[in-house]
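Below is a short note for a colleague who is opening this structure for the first time. Please read it with the display at hand.

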Amino acid sequence: MTLRNTLQLKISYAKYLLQTLPKGRVGTYSQRQVVFISRDPERPDISSKKERRLYTDSKKGAKYLKLISQYQNAKAEYDKLMNEWKTYYAGSPTIIKFPLDQNLLSGLTPEFFKNARPNKNTFENKDPIEYNGQIMRSKNELLAVKEIEKMGFEWKTEVYVNINGKRFYPDVTFHVPFIQCALMLETDGKMGDPEYRKESINREYKYYQAGFNLFDDVIIYRTKNSHSFDSDLLKFEIDMAIEKIATRIIEGTSEIPYNHSIKNGFQTENPGIWDEYYDDQFEG
């Protein structure tokens with residue numbers, strides 16, 4: 001069952017897609033595949049009575065074929081979400097207007113995520129694990145990525161984040177479309193080791209120093225050792241972080257993390273020379 005405010009926001013986002021994507025169907029004409037476009041928000045001259053027909057092997061036709069497929073997926077998702085709402089919750093869901101109020105958002109911007117390149121951390125990786133063209137440092141990271149995939153989110157490993165004089169290479173960064181941000185995830189898998197635990201806590205403090213907030217911008221998933229990964233617990237932590245953000249968006253609260261004024265200040269360039277021992281110790 002999807003948490004209440006997350007579900008309301010997902011419904012709102014699906015409805016937004018239905019309002020903004022072209023509507024149509026796929027068929028044939030003169031023995032060639034075509035798309036029949038019955039509505040396009042950017043083309044008021046197109047309607048159900050004035051459909052436009054395009055061959056799918058043309059540039060415009062291929063573009064509309066993709067957009068209409070997205071509309072159909074959004075419609076199926078909207079119907080599924082509304083059915084879930086009616087099953088578990090009373091009344092009508094609150095519908096939030098998209099694009100969302102930027103002052104209520106968390107995490108990295110969608111633009112940052114789109115432009116960020118994975119595998120930017122040059123810290124030595126003694127036992128690299130490759131999955132879908134990206135590199136991970138542990139089995140726990142791989143399991144976390146697979147859980148994020150199951151949740152339907154696009155992900156990237158070890159993107160470069162530079163803000164407020166601090167640099168980070170989060171284990172995984174994943175984009176959540178319906179809250180219009182990307183969240184960072186750190187998987188700390190040896191908390192039973194005193195030295196590792198100290199490094200983990202120092203890394204968490206470094207996130208706070210940079211203005212990030214736990215379960216608002218970054219999720220830190222910790223296990224006792226590399227053999228105690230709990231996928232249900234990870235999903236719970238991700239769900240709770242998203243629900244926290246969704247609640248703030250739906251309630252429109254003005255009490256937001258203080259770092260939001262510098263969200264657009266993230267840098268993706270290669271880091272310069274850093275002499276601080278702290279950064280050299282904990283960037284991996």
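The points below take up the pocket, a surface patch, the salt bridges and some backbone details.

1. Status of the model. The structure is a predicted model. The values in this note should be read with that in mind.

2. The largest pocket. This pocket holds about 1,100 Å³ of space. Its lining is made up of 30 residues, and those closest to the centre are Y13, L17, G152, P177 and F178. Three elements give two or more residues each to the lining: α1, covering residues 4-20, α2, covering 59-88, and α6, covering 231-251. Helix α2 contributes the most, with eight residues. By character, the lining divides into 15 nonpolar, eight polar and seven charged residues. As general background, empty space of this kind is found by rolling a probe the size of a water molecule over the atoms.

3. A nonpolar surface patch. Which residues form a nonpolar patch on the surface? They are L233, F236 and M240, and together they have about 270 Å² of accessible area. F236 is placed in helix α6, an element that also gives two or more residues to the lining of the largest pocket. The relative accessible area of F236 is 49%, so this residue counts as partly exposed.

4. Salt bridges, total and a pair within one helix. The whole structure contains 12 salt bridges. In general, side chains of opposite charge can pair when their charged atoms come close. One of the bridges joins K80 and E77, whose closest N and O atoms are 3.3 Å apart. Both residues belong to helix α2 and are three residues apart, so about one helical turn separates them. K80 is exposed, at a relative accessible area of 51%, whereas E77 is partly exposed, at 27%.

5. A buried pair between a helix and a strand. R203 and D188 meet through their side chains in a salt bridge, with 3.2 Å from N to O. R203 lies in helix α5 (residues 194-210) and D188 in strand β10 (residues 181-188), so this bridge ties together parts that are 15 residues apart in sequence. Are these two residues buried or exposed? Both R203 and D188 are buried.

6. A second bridge from helix α5, and a network. E204 forms a salt bridge with R222, and the closest N and O atoms of this pair are 2.9 Å apart. The bridge links distant parts of the chain, with E204 in helix α5 and R222 in strand β11 (residues 218-222), 18 residues apart. E204 is buried, with a relative accessible area of 15%, while R222 is partly exposed, with 27%. Through salt bridges that share partners, D188, R203, E204 and R222 are joined into one network. A reader who wants to view points 5 and 6 together can display these four residues at once.

7. A loop residue, K50. Where is K50 placed? K50 sits in the loop between β2 (32-39) and β3 (52-55). Its relative accessibility is 60%, so K50 counts as exposed. The C-alpha atoms of K50 and I37 are separated by 8.8 Å, and these residues are 13 apart along the chain.

8. A cis peptide bond. In general, most peptide bonds are trans. Here, the bond that joins F98 and P99 is cis, with omega at about -5°. P99 lies in the loop between α2 and α3 (110-115).

9. Positive phi values. Most residues other than glycine have a negative phi. Q31 is not a glycine, yet its phi is positive, at about 65°. This residue lies in the loop between β1 (23-29) and β2, and at 85% relative accessibility Q31 counts as exposed. N119 is likewise a residue other than glycine with a positive phi, near 60°. N119 is found in the loop between α3 and β4 (129-131). How exposed is N119, and what is its relative accessibility? At 28%, N119 counts as partly exposed.

Key: Residues numbered from 1 in each chain as written. Predicted model: local features only at pLDDT ≥ 70, side-chain atom pairs only at ≥ 80, totals over all residues. Heavy atoms only, no water. 1 Å grid on protein atoms, 1.4 Å probe; cavity = no way out; pocket = protein on both sides within 12 Å on 5 of 7 lines; lining within 4 Å. Points joined across faces, edges and corners; volume = space filled by probe spheres on them. Helix = DSSP H or I, 4+ residues; strand = E, 2+ residues; numbered from the N terminus. Nonpolar A, V, L, I, M, F, W, Y, C, P; charged D, E, K, R; others polar. Patch = residues over 30% accessible without salt bridge, like charges linked within 9 Å, V, L, I, M, F, W, Y side chains within 5 Å. Areas by Shrake-Rupley, 256 points an atom, 1.4 Å probe, with all protein chains shown as cover. Buried < 20%, exposed > 50% of the residue type's maximum accessible area, 1.4 Å probe, protein only.
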